[in-house]
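Please work through the exercises below with the sequence and the model side by side. Each task is followed by a solution that goes step by step.

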Amino acid sequence: MDTKRVPTGIIGLDDIFQGGLLPNRSYLVGGDAGTGKTTACMQFLLTGLTQGEKAIFVTVDERPAEILQSATSLNWDLQKYVQEKSLVILDASPYFSGRAGAAGEKNVDLTRIISDLSGYAKRMNATRVAIDPITPLFFSSDSTVHVQENARLLIHLIQAHLTTTNLLAAQMPSRSNHDPTGSIEEFVASGVIILKLAPSNGQFQRTLSIKKMRGTAVQPAELPFRIVTDKGLVLDAQDHQPIVVQESVVQPLEFFELPKQNK
Ligand SMILES: Nc1ncnc2c1ncn2[C@@H]1O[C@H](COP(=O)(O)OP(=O)(O)OP(=O)(O)O)[C@@H](O)[C@H]1O
Ligand SMILES: [Mg+2]
(Lines give C-alpha, C1' and ligand atoms only; values in the text may rest on other atoms or scores of the structure.)
(Ligands and ions follow the chains in the order given, each with its own letter.)
Protein backbone atom coordinates (compact mmCIF):
# COMPACT_ATOMS: atom_id res chain seq x y z
CA MET A 1 0.00 0.00 0.00
CA ASP A 2 1.32 3.45 -0.92
CA THR A 3 1.72 5.39 2.32
CA LYS A 4 4.02 8.09 0.94
CA ARG A 5 2.81 11.36 2.43
CA VAL A 6 1.94 14.52 0.49
CA PRO A 7 3.51 17.53 2.25
CA THR A 8 1.26 20.56 2.79
CA GLY A 9 4.24 22.92 2.88
CA ILE A 10 2.96 24.40 6.18
CA ILE A 11 6.09 24.58 8.31
CA GLY A 12 5.51 22.67 11.55
CA LEU A 13 2.34 20.97 10.35
CA ASP A 14 4.00 18.37 8.13
CA ASP A 15 6.02 17.14 11.13
CA ILE A 16 2.80 16.66 13.06
CA PHE A 17 1.33 14.82 10.05
CA GLN A 18 4.35 12.46 9.89
CA GLY A 19 5.34 14.00 6.55
CA GLY A 20 2.02 15.26 5.20
CA LEU A 21 -1.39 14.19 4.01
CA LEU A 22 -2.30 10.73 2.78
CA PRO A 23 -2.41 10.72 -1.03
CA ASN A 24 -5.62 10.57 -3.11
CA ARG A 25 -7.80 11.83 -0.31
CA SER A 26 -9.79 15.00 0.34
CA TYR A 27 -9.12 17.36 3.23
CA LEU A 28 -11.03 20.40 4.42
CA VAL A 29 -9.43 23.63 5.52
CA GLY A 30 -12.21 25.53 7.23
CA GLY A 31 -12.45 28.94 8.78
CA ASP A 32 -14.08 32.33 8.87
CA ALA A 33 -13.23 35.23 6.50
CA GLY A 34 -9.54 36.18 6.42
CA THR A 35 -8.34 33.22 8.45
CA GLY A 36 -5.92 31.99 5.73
CA LYS A 37 -7.85 29.37 3.72
CA THR A 38 -6.83 30.69 0.28
CA THR A 39 -3.23 31.08 1.47
CA ALA A 40 -3.23 27.45 2.69
CA CYS A 41 -4.61 26.26 -0.68
CA MET A 42 -1.98 28.19 -2.67
CA GLN A 43 0.75 26.93 -0.34
CA PHE A 44 -0.39 23.32 -0.75
CA LEU A 45 -0.31 23.57 -4.56
CA LEU A 46 2.96 25.54 -4.64
CA THR A 47 4.64 22.85 -2.51
CA GLY A 48 3.81 20.30 -5.21
CA LEU A 49 4.71 22.64 -8.08
CA THR A 50 8.18 23.33 -6.67
CA GLN A 51 8.71 19.54 -6.62
CA GLY A 52 7.79 19.26 -10.31
CA GLU A 53 4.16 18.20 -9.77
CA LYS A 54 1.14 19.52 -11.70
CA ALA A 55 -1.75 21.20 -9.92
CA ILE A 56 -5.23 22.70 -10.39
CA PHE A 57 -6.71 25.60 -8.43
CA VAL A 58 -10.50 25.89 -8.77
CA THR A 59 -11.56 29.36 -7.73
CA VAL A 60 -15.20 29.97 -6.92
CA ASP A 61 -15.47 33.44 -5.34
CA GLU A 62 -12.36 35.15 -6.70
CA ARG A 63 -11.19 35.63 -10.27
CA PRO A 64 -7.95 33.90 -11.31
CA ALA A 65 -6.25 37.32 -11.56
CA GLU A 66 -7.12 37.96 -7.90
CA ILE A 67 -5.59 34.64 -6.87
CA LEU A 68 -2.38 35.56 -8.71
CA GLN A 69 -2.46 38.95 -6.95
CA SER A 70 -2.87 37.31 -3.51
CA ALA A 71 0.07 35.05 -4.32
CA THR A 72 2.16 38.10 -5.25
CA SER A 73 1.44 39.63 -1.81
CA LEU A 74 3.23 36.59 -0.37
CA ASN A 75 6.02 36.88 -2.94
CA TRP A 76 4.91 33.66 -4.64
CA ASP A 77 5.20 33.57 -8.43
CA LEU A 78 2.25 31.38 -9.44
CA GLN A 79 2.14 33.03 -12.87
CA LYS A 80 5.36 31.26 -13.81
CA TYR A 81 3.69 27.88 -13.26
CA VAL A 82 0.59 28.98 -15.19
CA GLN A 83 2.84 29.96 -18.12
CA GLU A 84 4.69 26.65 -18.09
CA LYS A 85 1.30 24.89 -17.86
CA SER A 86 2.03 23.03 -14.66
CA LEU A 87 -0.66 25.05 -12.85
CA VAL A 88 -4.17 25.57 -14.17
CA ILE A 89 -6.49 28.06 -12.44
CA LEU A 90 -10.10 27.22 -13.25
CA ASP A 91 -12.77 29.83 -12.71
CA ALA A 92 -15.94 28.06 -11.51
CA SER A 93 -18.17 31.13 -11.79
CA PRO A 94 -19.58 30.08 -15.23
CA TYR A 95 -21.23 27.12 -13.52
CA PHE A 96 -23.17 29.56 -11.36
CA SER A 97 -24.18 31.92 -14.16
CA GLY A 98 -25.36 29.08 -16.40
CA ARG A 99 -22.75 29.95 -19.05
CA ALA A 100 -21.18 26.52 -18.83
CA GLY A 101 -24.40 24.58 -19.21
CA ALA A 102 -27.75 24.58 -20.91
CA ALA A 103 -29.50 27.91 -21.37
CA GLY A 104 -31.27 29.04 -18.22
CA GLU A 105 -29.40 26.58 -16.06
CA LYS A 106 -29.60 27.79 -12.47
CA ASN A 107 -28.53 24.87 -10.37
CA VAL A 108 -24.90 24.04 -9.88
CA ASP A 109 -24.41 20.71 -11.60
CA LEU A 110 -21.93 19.03 -9.28
CA THR A 111 -21.52 15.94 -11.47
CA ARG A 112 -20.63 18.18 -14.40
CA ILE A 113 -18.13 20.26 -12.41
CA ILE A 114 -16.32 17.19 -11.11
CA SER A 115 -16.31 15.41 -14.46
CA ASP A 116 -14.84 18.54 -16.12
CA LEU A 117 -12.30 18.83 -13.32
CA SER A 118 -11.38 15.16 -13.56
CA GLY A 119 -10.89 15.58 -17.35
CA TYR A 120 -8.45 18.45 -16.77
CA ALA A 121 -6.63 16.56 -14.02
CA LYS A 122 -6.16 13.47 -16.23
CA ARG A 123 -5.06 15.45 -19.30
CA MET A 124 -2.39 17.36 -17.40
CA ASN A 125 -1.49 14.51 -15.02
CA ALA A 126 -2.19 16.66 -11.96
CA THR A 127 -1.45 15.31 -8.49
CA ARG A 128 -2.93 18.15 -6.41
CA VAL A 129 -6.24 20.01 -6.54
CA ALA A 130 -7.51 22.91 -4.42
CA ILE A 131 -11.13 24.08 -4.55
CA ASP A 132 -11.56 27.48 -2.93
CA PRO A 133 -14.17 27.59 -1.50
CA ILE A 134 -16.38 24.53 -1.95
CA THR A 135 -19.16 25.86 0.30
CA PRO A 136 -21.09 27.75 -2.45
CA LEU A 137 -21.24 24.50 -4.44
CA PHE A 138 -23.43 22.95 -1.74
CA PHE A 139 -26.25 25.43 -2.30
CA SER A 140 -28.85 24.83 -4.94
CA SER A 141 -31.78 26.95 -6.07
CA ASP A 142 -33.79 23.74 -6.05
CA SER A 143 -35.32 23.79 -2.58
CA THR A 144 -35.91 20.02 -2.68
CA VAL A 145 -32.15 19.41 -2.67
CA HIS A 146 -30.75 19.64 0.81
CA VAL A 147 -27.46 21.49 1.37
CA GLN A 148 -26.16 18.59 3.46
CA GLU A 149 -26.96 16.09 0.67
CA ASN A 150 -25.08 18.26 -1.84
CA ALA A 151 -22.08 18.48 0.49
CA ARG A 152 -21.97 14.71 0.84
CA LEU A 153 -22.51 14.19 -2.92
CA LEU A 154 -19.74 16.64 -3.84
CA ILE A 155 -17.12 15.02 -1.62
CA HIS A 156 -18.15 11.54 -2.78
CA LEU A 157 -17.88 12.66 -6.44
CA ILE A 158 -14.42 14.12 -5.78
CA GLN A 159 -13.30 10.89 -4.13
CA ALA A 160 -14.75 8.75 -6.95
CA HIS A 161 -13.47 10.73 -9.94
CA LEU A 162 -10.24 12.45 -8.89
CA THR A 163 -7.01 10.58 -8.31
CA THR A 164 -5.38 13.70 -6.88
CA THR A 165 -4.84 14.81 -3.27
CA ASN A 166 -7.39 17.54 -2.63
CA LEU A 167 -7.54 20.51 -0.28
CA LEU A 168 -11.03 21.98 -0.07
CA ALA A 169 -11.54 25.38 1.55
CA ALA A 170 -14.77 25.63 3.53
CA GLN A 171 -16.28 28.86 4.79
CA MET A 172 -17.14 28.20 8.43
CA PRO A 173 -18.26 30.91 10.81
CA SER A 174 -16.28 30.88 14.06
CA ARG A 175 -17.78 28.62 16.67
CA SER A 176 -17.06 28.42 20.34
CA ASN A 177 -14.04 26.30 21.24
CA HIS A 178 -16.41 24.11 23.21
CA ASP A 179 -18.66 23.36 20.25
CA PRO A 180 -17.37 20.20 18.58
CA THR A 181 -20.34 19.91 16.19
CA GLY A 182 -19.31 19.14 12.65
CA SER A 183 -21.19 19.60 9.38
CA ILE A 184 -21.59 16.72 6.97
CA GLU A 185 -18.56 17.66 4.83
CA GLU A 186 -16.40 17.36 7.95
CA PHE A 187 -17.60 13.80 8.47
CA VAL A 188 -17.02 12.79 4.85
CA ALA A 189 -13.56 14.36 4.42
CA SER A 190 -10.42 12.43 5.40
CA GLY A 191 -9.20 15.31 7.52
CA VAL A 192 -10.34 18.68 8.84
CA ILE A 193 -8.11 21.64 9.67
CA ILE A 194 -9.76 24.67 11.29
CA LEU A 195 -8.20 28.14 11.06
CA LYS A 196 -9.21 30.86 13.51
CA LEU A 197 -8.49 34.48 14.24
CA ALA A 198 -9.13 35.31 17.90
CA PRO A 199 -8.51 38.48 19.92
CA SER A 200 -5.63 38.05 22.35
CA ASN A 201 -4.13 40.83 24.57
CA GLY A 202 -5.42 43.60 22.33
CA GLN A 203 -4.09 41.87 19.20
CA PHE A 204 -5.26 39.06 17.00
CA GLN A 205 -3.87 35.56 17.28
CA ARG A 206 -4.16 33.12 14.39
CA THR A 207 -4.65 29.51 15.40
CA LEU A 208 -4.82 26.22 13.53
CA SER A 209 -6.46 23.13 14.96
CA ILE A 210 -6.49 19.66 13.55
CA LYS A 211 -10.02 18.51 14.15
CA LYS A 212 -9.58 15.20 12.41
CA MET A 213 -6.89 13.40 10.42
CA ARG A 214 -7.73 9.83 9.47
CA GLY A 215 -4.78 7.44 9.51
CA THR A 216 -2.55 9.86 11.47
CA ALA A 217 -1.97 9.98 15.20
CA VAL A 218 -2.45 13.61 16.22
CA GLN A 219 -3.22 15.10 19.60
CA PRO A 220 -6.08 17.62 19.59
CA ALA A 221 -4.50 21.07 20.00
CA GLU A 222 -4.99 24.67 18.93
CA LEU A 223 -1.65 25.74 17.46
CA PRO A 224 -0.71 29.41 16.98
CA PHE A 225 0.51 30.33 13.50
CA ARG A 226 1.51 33.34 11.45
CA ILE A 227 1.20 34.26 7.78
CA VAL A 228 4.65 35.18 6.53
CA THR A 229 5.90 36.51 3.17
CA ASP A 230 7.64 33.76 1.11
CA LYS A 231 6.47 31.04 3.49
CA GLY A 232 2.69 31.42 3.92
CA LEU A 233 1.28 29.68 6.99
CA VAL A 234 3.98 28.91 9.56
CA LEU A 235 3.21 27.26 12.89
CA ASP A 236 4.86 29.05 15.80
CA ALA A 237 7.82 26.94 16.88
CA GLN A 238 6.80 25.30 20.11
CA ASP A 239 5.34 21.91 20.59
CA HIS A 240 5.34 20.53 17.08
CA GLN A 241 7.02 17.39 18.16
CA PRO A 242 6.18 14.66 15.70
CA ILE A 243 3.98 12.07 17.29
CA VAL A 244 5.80 8.88 16.60
CA VAL A 245 3.59 5.94 15.87
CA GLN A 246 5.32 2.80 17.02
CA GLU A 247 5.41 0.28 14.21
CA SER A 248 4.15 -2.92 15.70
CA VAL A 249 6.86 -5.54 15.38
CA VAL A 250 5.21 -8.75 14.30
CA GLN A 251 6.59 -11.62 16.39
CA PRO A 252 6.21 -15.04 14.87
CA LEU A 253 4.45 -17.54 17.09
CA GLU A 254 7.04 -19.55 18.92
CA PHE A 255 6.58 -22.97 20.29
CA PHE A 256 7.04 -22.78 24.03
CA GLU A 257 9.15 -25.53 25.58
CA LEU A 258 9.63 -26.12 29.26
CA PRO A 259 13.29 -25.93 30.34
CA LYS A 260 14.86 -29.36 30.52
CA GLN A 261 15.21 -30.73 34.04
CA ASN A 262 18.72 -31.86 35.06
CA LYS A 263 18.46 -35.32 36.43
N1 LIG B 1 2.67 38.72 3.07
C2 LIG B 1 1.76 38.63 4.02
N3 LIG B 1 2.11 38.65 5.32
C4 LIG B 1 1.18 38.56 6.29
N5 LIG B 1 -0.14 38.44 6.05
C6 LIG B 1 -0.52 38.41 4.76
C7 LIG B 1 0.39 38.49 3.69
N8 LIG B 1 -0.30 38.42 2.53
C9 LIG B 1 -1.60 38.30 2.88
N10 LIG B 1 -1.73 38.31 4.19
C11 LIG B 1 -2.97 38.20 4.97
O12 LIG B 1 -3.44 36.88 5.01
C13 LIG B 1 -4.81 36.93 5.39
C14 LIG B 1 -5.49 35.65 5.00
O15 LIG B 1 -5.95 35.74 3.70
P16 LIG B 1 -6.70 34.56 2.94
O17 LIG B 1 -7.14 35.18 1.67
O18 LIG B 1 -5.83 33.36 2.86
O19 LIG B 1 -7.94 34.26 3.90
P20 LIG B 1 -9.27 33.45 3.56
O21 LIG B 1 -9.55 32.60 4.74
O22 LIG B 1 -9.14 32.79 2.24
O23 LIG B 1 -10.36 34.62 3.50
P24 LIG B 1 -11.78 34.63 2.71
O25 LIG B 1 -12.73 33.76 3.50
O26 LIG B 1 -12.19 36.06 2.77
O27 LIG B 1 -11.55 34.12 1.33
C28 LIG B 1 -5.34 38.21 4.79
O29 LIG B 1 -6.01 38.92 5.79
C30 LIG B 1 -4.10 38.96 4.34
O31 LIG B 1 -4.09 40.27 4.77
MG1 LIG C 1 -10.22 32.93 0.49
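The exercises that follow concern a predicted model, and they go from the whole protein to single residues and the ligand.

**Exercise 1. Describe the protein as a whole: how many helices and strands does the protein have, and what share of its residues count as buried?**

Step 1. Going along the chain, one finds eight helices and nine strands.

Step 2. The protein has 263 residues, and 46% of them count as buried.

Step 3. Turning to the surface, the protein exposes about 14,600 Å², of which carbon and sulfur atoms supply 53%.

Step 4. Among contacts in the protein with a separation of 6 or more, 69% are accounted for by residues 24 or more positions apart.

**Exercise 2. Work out the order of the strands in the sheet, and say which strands stand at the edges.**

Step 1. The nine strands form an open sheet with mixed pairing, and their order is β3-β2-β4-β5-β1-β6-β7-β8-β9.

Step 2. The edges are taken by β3 (87–91) and β9 (232–235), each of which has a single partner strand, so one side of each is left without a neighbour in the sheet.

Step 3. Neighbouring strands of this sheet are turned against each other by 25° on average, direction ignored.

**Exercise 3. Compare the pairing of β2 with β4 and that of β8 with β9: which pair runs parallel and which runs antiparallel?**

Step 1. As background, strands of a sheet pair through backbone hydrogen bonds, either parallel or antiparallel.

Step 2. Strand β2 (residues 55–59) and strand β4 (residues 128–132) run parallel and are joined by five bridges; within this pairing, Thr59 has Asp132 of β4 as its bridge partner.

Step 3. Strand β8 (residues 222–228) and β9, by contrast, run antiparallel and are joined by four bridges; here Phe225 has Leu235 of β9 as its bridge partner, while Ile227 stands opposite Leu233 in β9.

Step 4. Strand β8 also pairs with strand β7 (residues 203–213), in the antiparallel sense and over four bridges, and in this pairing Thr207 stands opposite Pro224.

**Exercise 4. Find out how helices α3 and α6 are placed against the sheet, and decide whether Ser118 is buried or exposed.**

Step 1. Helix α3 (residues 64–73) packs on the sheet, where it touches β2 and β3, and the direction of α3 makes about 130° with that of β3.

Step 2. Helix α6 lies across β2, β3 and β4 and runs at about 155° to β2.

Step 3. Ser118 belongs to helix α6 (residues 110–124); because its relative accessibility is 7%, and the limit for buried is under 20%, Ser118 counts as buried.

Step 4. Leaving aside neighbours within four places in sequence, Ser118 is in contact with His161 and Leu162, and its side chain reaches the backbone oxygen of His161 at 3.3 Å.

**Exercise 5. Examine the backbone at Pro133, Asn75 and Asp230: what is the peptide bond between Asp132 and Pro133, and what is phi at Asn75 and at Asp230?**

Step 1. The expectation to start from is that most residues other than glycine have a negative phi, and that most peptide bonds are trans.

Step 2. The bond joining Asp132 and Pro133 is a cis peptide bond, with omega about -15°, and Pro133 has its place in the loop between β4 and α7 (147–161).

Step 3. Asn75, in the loop between α3 and α4 (78–83), has a positive phi of about 70° although it is not a glycine; with a relative accessibility of 52%, Asn75 counts as exposed.

Step 4. Asp230 likewise has a positive phi, near 80°, and lies in the hairpin of β8 and β9, which has three residues between the strands; at a relative accessible area of 47%, Asp230 is partly exposed.

**Exercise 6. Describe the surroundings of ligand 1: which residues come nearest, and how much of the ligand does the protein bury?**

Step 1. There are 13 residues around ligand 1, of which Gly34, Lys37, Thr38, Thr39 and Ser73 come nearest.

Step 2. Helix α2 (residues 37–49) gives the largest share of this shell, three residues.

Step 3. An oxygen atom of ligand 1 lies 2.8 Å from a backbone N or O atom of Gly34, and an oxygen atom of ligand 1 is 3.0 Å from a polar backbone atom of Gly36.

Step 4. At Ser73, a backbone N or O atom lies 3.0 Å from a nitrogen atom of ligand 1.

Step 5. Taken alone, ligand 1 exposes 660 Å², and the protein buries 64% of that.

Notes. Residues numbered from 1 in each chain as written. Chains lettered and ligands numbered in written order. Heavy atoms only, no water. Helix = DSSP H or I, 4+ residues; strand = E, 2+ residues; numbered from the N terminus. Buried < 20%, exposed > 50% of the residue type's maximum accessible area, 1.4 Å probe, protein only. Polar contact = N/O pair within 3.5 Å; in protein donor to acceptor, adjacent residues only side chain to side chain. Contact = heavy atoms within 4.5 Å. Pairing = 2+ DSSP bridges. Axes fitted to C-alpha atoms, helices over the stretch in contact; angles between N-to-C directions. Near = heavy atom within 4 Å. Areas by Shrake-Rupley, 256 points an atom, 1.4 Å probe, with all protein chains shown as cover.
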